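Biologist: I would like to learn how to read a structure like this one, feature by feature. Please give the general idea each time, then the case at hand.

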Amino acid sequence: MQIKPLGDRVVVEREQAKETTAGGIVLPDTAKDKPQKGKVLAVGDGRTTKDGKKRELQVKVGDHVLFTSYAGDEFKMNGDKKVLLMREDDILAVIEA
């Protein structure tokens, strides 16, 4: 299944949560914090401005991004793979290597 977001929406794959603490303690699923980082998998065709023109999104496929903790809606894709569908406004920053 392929997701093509509309407008100013973005599909992001969330990074995996850490399995252990720095001290080596294994964390159960209920204690893991959901990471607020991810990789952009797909972007929409842009935002429509008030004057009717399309403005391209600032993020592109392959960017690693930082987003708000309650950003987007989570969907299952191709079995277990979970992705987030969010608006570009929910993205706070692009992480550069």
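Modeller: We go through the strands, the core, the salt bridges and the surface in turn. Bear in mind that this is a predicted model.

Biologist: Which secondary structure elements does the protein chain contain, and in what pattern?

Modeller: The chain has 0 helices and 8 strands. Along the sequence the pattern reads β-β-β-β-β-β-β-β.

Biologist: What share of the contacts in the protein chain comes from residues 24 or more positions apart?

Modeller: Among contacts with a separation of 6 or more, residues 24 or more positions apart account for 62%.

Biologist: How do I read the pairing of strands, and which strands does E1 pair with?

Modeller: In a regular strand the side chains alternate between the two faces of the sheet. As for pairing, E1 and E2 run antiparallel and share 5 bridges, and E1 is also joined to E7 by 4 bridges, again in the antiparallel sense. Two residue pairs serve as examples. Glu-13 has Lys-39 in E2 as its bridge partner, and Val-10 has Met-86 in E7.

Biologist: Where does the pairing go on from E2?

Modeller: E2 is joined to E5 by 3 bridges, and these two strands run antiparallel. Lys-39 stands opposite His-64 in E5. Lys-39 is thus a bridge partner of Glu-13 and also faces His-64.

Biologist: What do E6 and E7 form, and how many residues lie between them?

Modeller: They form a hairpin with 3 residues between them. Strand E6 covers residues 73-77 and is joined to E7 by 5 bridges, with the two running antiparallel. One facing pair is Met-77 and Lys-81, the latter in E7. In the turn, Asn-78 has a positive phi of about 50°.

Biologist: Now the interior. Which residues make up the largest nonpolar core?

Modeller: In soluble globular proteins, nonpolar side chains tend to be buried together. Here the largest nonpolar core has 12 residues: Val-10, Val-12, Val-40, Val-43, Leu-57, Val-59, Val-65, Phe-67, Ala-71, Leu-84, Met-86 and Ile-91. At least two residues of this core come from each of strands E1 (9-14), E2 (37-43), E5 (64-67) and E7 (81-87). In the chain as a whole, 27% of the 97 residues count as buried.

Biologist: Take one residue of that core. What does Ile-91 touch?

Modeller: Leaving aside residues up to four places away in sequence, Ile-91 touches Val-10, Val-59, Val-65, Leu-66, Phe-67 and Met-86.

Biologist: How do I read the salt bridges, and how many are there in the whole structure?

Modeller: Side chains of opposite charge can pair when their charged atoms come close. A search of the whole structure finds 6 salt bridges. One of them joins Asp-8 and Arg-47, with the closest N and O atoms 3.2 Å apart. Asp-8 lies in the segment before E1 and Arg-47 in strand E3 (residues 47-48), so this pair ties together parts 39 residues apart in sequence.

Biologist: Which other residue forms a salt bridge with Asp-8?

Modeller: Arg-87 does, with a closest N to O distance of 2.7 Å. That pair links the segment before E1 with strand E7, 79 residues apart. Asp-8, Arg-47, Arg-87 and Asp-89 are linked in a network of salt bridges.

Biologist: Is Asp-8 buried or exposed?

Modeller: Asp-8 counts as buried because its relative accessibility is 8%, and the cut-off for buried is under 20%. Arg-47, at 24%, is partly exposed, as is Arg-87 at 37%.

Biologist: Where is Glu-56 found, and why does Glu-56 count as exposed?

Modeller: Glu-56 is in the loop between strand E4 (54-55) and E5. Glu-56 counts as exposed because its relative accessibility is 68%, where exposed requires over 50%. Its C-alpha atom is 6.7 Å from that of Asp-45, 11 residues apart along the chain. Asp-45 itself meets Lys-54 in a salt bridge (3.6 Å, N to O), and Lys-54 is partly exposed at 49%.

Biologist: Last, the surface. Which residues form a nonpolar patch there?

Modeller: Leu-66, Leu-92 and Ile-95 do, with about 260 Å² of accessible area together. Ile-95 lies in strand E8 (residues 91-95) and counts as partly exposed, at 38% relative accessibility. The accessible surface of the whole chain comes to about 7100 Å², and 51% of that belongs to carbon and sulfur atoms.

Methods:
Residues numbered from 1 in each chain as written. Predicted model: local features only at pLDDT ≥ 70, side-chain atom pairs only at ≥ 80, totals over all residues. Heavy atoms only, no water. Patch = residues over 30% accessible without salt bridge, like charges linked within 9 Å, V, L, I, M, F, W, Y side chains within 5 Å. Areas by Shrake-Rupley, 256 points an atom, 1.4 Å probe, with all protein chains shown as cover. Salt bridge = Lys/Arg side-chain N within 4 Å of Asp/Glu carboxyl O. Buried < 20%, exposed > 50% of the residue type's maximum accessible area, 1.4 Å probe, protein only. Contact = heavy atoms within 4.5 Å. Core = buried A, V, L, I, M, F, W, Y, C linked by side-chain atoms within 4.5 Å. Pairing = 2+ DSSP bridges.
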